[in-house]
Amino acid sequence: MSRYDCVQCGACCCNLPANRAEGFIDYVEVDARAPLLRRPELVRRLVVYNEDGAAHLRLHPDGRCLALRGRVGQRVRCTIYSDRPQACRKVEAGSALCRRYRSAHGLRA
Ligand code: SF4
Ligand code: SF4
């Protein structure tokens with residue numbers, strides 16, 4: 001098993017308090033080609049538009065993506081995995097960004 005197992009993590013599916021404190025509240029942008037945007041029921045539930053009209057994933061007040069199920073750092077599942085936006089596909093397990101998110105959640109980096 002990989003040292004960085006996303007199914008036992010989910011850290012990068014949550015906007016960090018430090019980001020939010022700096023005003024970065026939009027977090028994951030939903031690109032125009034995201035399969036998610038072709039599913040109205042998912043758009044209603046999981047997408048928000050900022051004041052510039054850009055689509056982003058809707059977050060729980062604690063910063064966690066609403067599409068994430070399970071407990072971060074134990075067992076998680078993305079409920080829209082095949083429909084998720086491009087931005088979600090960009091964080092590579094083991095990358096510097098991945099390790100930063102893991103570390104912020106108290107997970108081994
Ligand atoms: S922080 Fe890294 S290990 Fe955790 S879910 Fe994201 S890419 Fe996977
Ligand atoms: S859509 Fe899925 S992969 Fe993307 S942030 Fe939400 S839970 Fe994570």
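This briefing describes two ligand sites and a handful of residues in the structure shown above. The model is a predicted one, and the values given here are computed from its atoms. Ligand 1 sits in the largest pocket, and ligand 2 likewise sits in the largest pocket. Cysteines appear in the surroundings of ligand 1 and of ligand 2, yet a search of the whole structure finds zero disulfides.

**Ligand 1 and its surroundings**

- The residues around ligand 1 include the cysteines Cys6, Cys9, Cys12 and Cys98, and the shell is completed by Gly10, Val91, Ala93 and Arg102.
- Sorted by class, this shell around ligand 1 consists of six nonpolar residues, one polar residue and one charged residue.
- Cys12, one of the residues around ligand 1, counts as partly exposed because its relative accessibility is 29%, which lies between the limits of 20% for buried and 50% for exposed.

**Ligand 2 and its surroundings**

- Around ligand 2 stand the cysteines Cys13, Cys65, Cys78 and Cys88, together with Leu57, Ala67, Leu68, Ile80 and Arg84.
- The shell around ligand 2 has eight nonpolar residues and one charged residue, with no polar residues.
- Cys78, which belongs to the residues around ligand 2, has a relative accessibility of 24% and therefore counts as partly exposed.

**Cysteines and disulfides**

- A disulfide is a covalent bond between the sulfur atoms of two cysteines.
- For a pair to be counted here, the two cysteine sulfur atoms have to lie within 2.5 Å, and the search of the whole structure finds zero such disulfides.

**Arg77, in a strand**

- Arg77 has its place in strand S4, which covers residues 75-78, and it counts as exposed because its relative accessible area is 52%.
- Leaving aside residues up to four places away in sequence, Arg77 touches Ala67, Leu68 and Arg69; of these, Ala67 and Leu68 are also among the residues around ligand 2.
- Although Arg77 and Gln8 are 69 residues apart in sequence, their C-alpha atoms are 8.8 Å apart in space.

**Leu59 and Tyr27, in loops**

- Leu59 is found in the loop that runs between strand S2 (55-57) and strand S3 (68-71).
- When residues up to four places away in sequence are not counted, Leu59 touches Asn15, Ile25, Tyr27, Arg64, Cys65 and Leu66.
- One of these contacts, Asn15, is 44 residues from Leu59 in sequence, while the two C-alpha atoms are 8.2 Å apart.
- Tyr27, another contact of Leu59, is found in the loop between helix H1 (17-21) and helix H2 (40-46), and with a relative accessible area of 23% it is partly exposed.
- The phi angle of Tyr27 is near 60°, a positive value in a residue other than glycine.
- Most residues other than glycine have a negative phi.

**Ala109, after helix H3**

- Ala109 is found in the segment after helix H3 (96-104), and because its relative accessibility is 39%, Ala109 counts as partly exposed.
- Not counting residues up to four places away in sequence, Ala109 touches Arg3, Tyr4, Arg99 and Ser103.
- The C-alpha atoms of Ala109 and Gly94 are separated by 8.1 Å, with the two residues 15 apart along the chain.

How values were computed
Residues numbered from 1 in each chain as written. Chains lettered and ligands numbered in written order. Predicted model: local features only at pLDDT ≥ 70, side-chain atom pairs only at ≥ 80, totals over all residues. Heavy atoms only, no water. Near = heavy atom within 4 Å. 1 Å grid on protein atoms, 1.4 Å probe; cavity = no way out; pocket = protein on both sides within 12 Å on 5 of 7 lines; lining within 4 Å. Sits in = over half its atoms within 2 Å of the grid points. Nonpolar A, V, L, I, M, F, W, Y, C, P; charged D, E, K, R; others polar. Helix = DSSP H or I, 4+ residues; strand = E, 2+ residues; numbered from the N terminus. Buried < 20%, exposed > 50% of the residue type's maximum accessible area, 1.4 Å probe, protein only. Contact = heavy atoms within 4.5 Å.
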